[in-house]
Amino acid sequence: MKKVLNPFKFNQMNTPKDFEDVMKAAGMPFPVDENVDILFEPIQIGDKTVPNRICLQPCEGFDGNPDGSPSELDFRRYKRYAGGGAGMLWYESIAISEDGRCNPLQMVIRPSTVAEIKRMVDEANAVAVENFGRRPYNILQLTHSGRRSNDKNWQSTPLAVCENPYMDDHNSIDGSSGKITIATDDKIEEIIRGFIDGAILAHQAGFDAVDVKVCHEYILRELLSAFTRPGKFGGSFENRTRALFMIIDGIRKNLGNAIDICVRLNAYDCVPYPYGWGMKKEEGVMEPDLTEPIKLCQMLVERDVRLIDLSTMMPRYQPYGRGLMAEHEDGPEAEINPYKGTFDLLKATKEIKEAVPGGIFVCTGLTWLEQFGGNVTAGGINQGWFDLGGFGRQGFAYPDFVRDLKEHKTMFRNKCCMLCDKCYDLIQIGHCQTGCVMRDQEIYLSLYREKVQHKDTK
Ligand SMILES: Cc1cc2nc3c(=O)[nH]c(=O)nc-3n(C[C@H](O)[C@H](O)[C@H](O)COP(=O)(O)O)c2cc1C
Ligand code: SF4
């Protein structure tokens, strides 16, 4: 099983300079700035203003209601986020259809759930206005889970776009896999319509932007790497990106510029060609090649899809070595150094941003950098690596870190995410709702004891 290394002693790093020096000595010259003022410079997206440079990235709580509407835990999460001060809230993945859910409690966007989703956004906005006199820029991530789909009993129902020997035997988040169905072109057209309808509903729910999710292991990302698929959605670059552009054009046709369109996109897949996107086109070679990702970002920006959050299958994977496979293997090759993975992804973000000057880029993976995440965001913006700092688990653990950065110019280590992976255990092992087991114990510690440790909590 995976072994995530933690080779650095963050408790012995007292200043951003300490962090910078240690990382530099280890061959990872992260951009670091002690002065975090730049985080509070607004950024303009079209006619809308993002009030600061911190983005809380989508982290699904696996905690909607069975009918796909948000539960009290969803309302709670987004109010905590909004009350913490982040300028951009990238709401978690919401499925465009019942069969596209990755778990039985994933929210689904449909006419019957849109009013409650709108209420969730309105209530979160109200908390931000009460605290800061303004609301965040809100994005809804739309998804179809593709090979990660599960039915209402947590049975894996993978819908793939082509066979993939690196992934076919572990599609569900818990590593299991049902029998793969290969989506027909008609099914892909149905999914395209689902994204367009989902965007229309996202507009009704009051979001500023809709994210056509092309990252991680989900279906639109898989289409980008469908080199071996015959027909109009596979093979050439044009065919592999066809579904994404059909969705973008369809949203614009229905909504004009009433809602912004953005993407969370894999910079590379950490799976070799011809089964991975953004990788060197030599069979079996685990090495990134950003030519196609850069071309795609340029085409997106030309269509006014300017906001791009760059990710990979998981930021802790390195694009070299065993990549994604390390998660499921044993032995020294399966060891994961998350800092190298995170640094590589930031470097790729820098390279893509330099090649695509019209884009507005959010980076991924900053929670790994603990109390120095704000300093790396400031350094990255100042040095032109990206435009906004993206944080995932830090939102679960420490939703008001932006307030601390504003008021105290620092993040406090004793409030930071502890990188323990227990929020993942809750979904991978416990198949239940998730959040921060360590810093939000009121809700999640008892769930962890019951569902993961199987302790009697009464
Ligand atoms: C419990 C959990 C749920 C997640 N859900 C989503 C999701 O809905 N959409 C998405 O794009 N990424 C999702 N992610 C990935 C995060 O957005 C983020 O990229 C990842 O945690 C790494 O960043 P971090 O080191 O800042 O946490 C999830 C991560 C976790 C831990
Ligand atoms: S459970 Fe662990 S990894 Fe997850 S947010 Fe909390 S401290 Fe971070």
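# Exercises: two domains, two ligands

Helix 13 makes the biggest contribution to the shell around ligand 1, giving 3 residues. Keep that helix in view as you work through the tasks, and remember that you're looking at a predicted model.

**Exercise 1.** Work out which elements and which domains supply the shell around ligand 1.

*Solution.*
- Step 1: Start at the ligand. The shell has 25 residues, and P58, E60, S93, T367 and G392 come closest to ligand 1.
- Step 2: Look for elements that give at least two residues. Strand 5 (88-95), helix 11 and helix 13 (422-428) each do.
- Step 3: Go up to the domains. Domain 1 (3-414) and domain 2 (420-458) each provide at least three residues of this shell.
- Step 4: Sort the shell by class. You get 10 nonpolar, 11 polar and 4 charged residues.

**Exercise 2.** Explain why ligand 2 can be said to lie between the domains.

*Solution.*
- Step 1: Find the shell. There are 14 residues around ligand 2, and R393, C417, C420, C423 and C436 come nearest.
- Step 2: Check the helices. Helix 11 and helix 13 each put in at least two residues, with the largest share, 3 residues, coming from helix 11.
- Step 3: Sort by class. This shell holds 10 nonpolar and 4 charged residues, and no polar ones.
- Step 4: Draw the conclusion. Domain 1 and domain 2 both give residues to the shell, so ligand 2 lies between them.

**Exercise 3.** Describe how domain 1 and domain 2 meet.

*Solution.*
- Step 1: Set the bounds. The domain assignment puts residues 3-414 in domain 1 and residues 420-458 in domain 2.
- Step 2: Take the C-alpha centres of the two domains. They sit 23 Å apart.
- Step 3: Count the contacts. On the domain 1 side 12 residues take part, and on the domain 2 side 13 do.
- Step 4: Ask what the domain 1 side is made of. Helix 11 (residues 393-397) brings the largest share, 3 residues. By class, that side has 8 nonpolar, 1 polar and 3 charged residues.

**Exercise 4.** Trace the open sheet from one edge to the other.

*Solution.*
- Step 1: Read off the order. The 8 strands run 13-11-10-9-6-5-4-14, with parallel pairing.
- Step 2: Pick out the edges. Strand 13 (360-362) and strand 14 (389-391) each pair on one side only.
- Step 3: Add the twist, which averages 25° from one strand to the next.
- Step 4: Zoom in on one pair. Strand 4 (residues 54-56) is parallel to strand 5 and joined to it by 2 bridges. Here L56 faces L89 of strand 5.
- Step 5: See what lies across the strands. Helix 7 (residues 242-255) crosses strand 9 (209-212) and strand 10 (260-266), at about 160° to strand 9.

**Exercise 5.** Buried or exposed? Decide for F233 and for I182.

*Solution.*
- Step 1: Place F233. It's in the loop between helix 5 (219-224) and helix 6 (237-240).
- Step 2: Count its neighbours. F233 has 22 other C-beta atoms within 10 Å, so it is buried; the cut-off for buried is 20 or more.
- Step 3: Name its contacts from farther along the chain. V161, D185, I188 and L223 are among them.
- Step 4: Now place I182, which belongs to strand 8 (residues 181-182).
- Step 5: Count again. I182 has 12 other C-beta atoms within 10 Å, so it is exposed, as 12 or fewer counts as exposed.
- Step 6: List the contacts of I182 beyond its neighbours in sequence: A160, V161 and C162.

**Exercise 6.** Find out what is unusual about the backbone at P274, L419 and H454.

*Solution.*
- Step 1: Recall the background. Most residues other than glycine have a negative phi, and most peptide bonds are trans.
- Step 2: Look at P274, in the loop between strand 10 and helix 8 (291-302). The bond from Y273 to P274 is cis, with omega near 5°.
- Step 3: Move to L419, in the loop between helix 12 (401-408) and helix 13. L419 isn't a glycine, yet its phi is positive at about 60°. With 17 other C-beta atoms within 10 Å, L419 is partly exposed.
- Step 4: Finish with H454, in the segment after helix 14 (441-451). This non-glycine residue has a positive phi of about 55°. H454 counts as exposed because it has 10 C-beta neighbours inside 10 Å.

Note on methods
Residues numbered from 1 in each chain as written. Chains lettered and ligands numbered in written order. Predicted model: local features only at pLDDT ≥ 70, side-chain atom pairs only at ≥ 80, totals over all residues. Domains from an automatic or database assignment. Contact = placed C-beta atoms within 7 Å. Helix = DSSP H or I, 4+ residues; strand = E, 2+ residues; numbered from the N terminus. Nonpolar A, V, L, I, M, F, W, Y, C, P; charged D, E, K, R; others polar. Near = placed C-beta within 6 Å. Pairing = 2+ DSSP bridges. Axes fitted to C-alpha atoms, helices over the stretch in contact; angles between N-to-C directions. Lists of a residue's contacts leave out its neighbours within four places in sequence.
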